[in-house]
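Reader: Could you take me through one part of this fold, the sheet and the helices that pack on it? I would enjoy a close look.

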Amino acid sequence: AFAPLAASAPADPGVAFRTALDAAFASRGTTPFVVIALRMDPAAPAAVHFDTVEAGLRGGLRPADRLLVDASRKRAAVVLPASSPDAAQGVFAGLPAHLRPALGHEADRVLQAVAAVTVPNGQPFQTSAELVSYAFEG
């Protein structure tokens with residue numbers, strides 16, 4: 001009899017995000033991409049719903065898109081490889097569609113508490129590390 005195989009460890013979302021972002025930066029002269037950075041003020045009352053915002057982001061991702069979340073700081077970034085800035089609209093449109101059924105009358109207040117910036121082709125950042133620093137540290 002064969003011994004059962006150990007379950008493989010789940011992929012680190014940070015590695016998957018950074019790999020996708022690094023690849024996008026490496027090919028930005030030939031292939032467009034978009035990064036969306038989102039944050040909520042952790043002290044704001046609406047921030048208690050950050051997990052619902054995160055779930056809404058996840059629900060709007062395409063197979064090649066990658067999400068990185070810092071739940072404790074209420075920050076997230078999404079890289080949309082091989083995408084024009086219009087692709088960000090799909091993510092933004094999916095968020096209220098997820099929040100309204102999940103949060104009811106609080107959905108609009110939570111949406112207003114989310115600050116977001118769309119970064120086409122990584123501009124004005126020179127490197128992916130600069131962009132990640134801005135999104136998660138700045």
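Author: Happily; here is the sheet, followed by its helices. This is a predicted model, in which local features need pLDDT of at least 70 and side-chain atom pairs count only at pLDDT 80 or more, while totals for chains, interfaces and linings use all residues. Residues are numbered from 1 along each chain as its sequence is written, and side-chain values use heavy atoms, leaving out hydrogens and water.

Helices (H or I, at least four residues) and strands (E, at least two) are DSSP runs numbered from the N terminus, and two strands pair if DSSP finds at least two bridges between them. The open sheet has 4 strands, ordered β2-β3-β1-β4, with antiparallel pairing. Because β2 (66–70) and β4 (115–120) each have a single partner strand, they stand at the edges, with one side of each left without a neighbour in the sheet. From one strand to the next, the twist averages 15°; angles run from 0 to 180 degrees between N-to-C directions, and axes are lines fitted to C-alpha atoms, for helices over the stretch in contact.

β1 (residues 34–39) pairs with β4 over 6 bridges, and Arg-39 stands opposite Ala-115 in β4. Helix α2 (residues 50–59) packs on the sheet, touching β1, β2 and β3 (75–80), where contact means heavy atoms within 4.5 Å. Helix α3 (residues 86–103) also packs there, touching β1, β3 and β4.

The axes of α2 and α3 come within 8 Å and cross at roughly 130°. The two helices are therefore oblique to each other (under 35 degrees counts as roughly parallel, over 145 as roughly antiparallel, 65 to 115 as roughly perpendicular, the rest as oblique).
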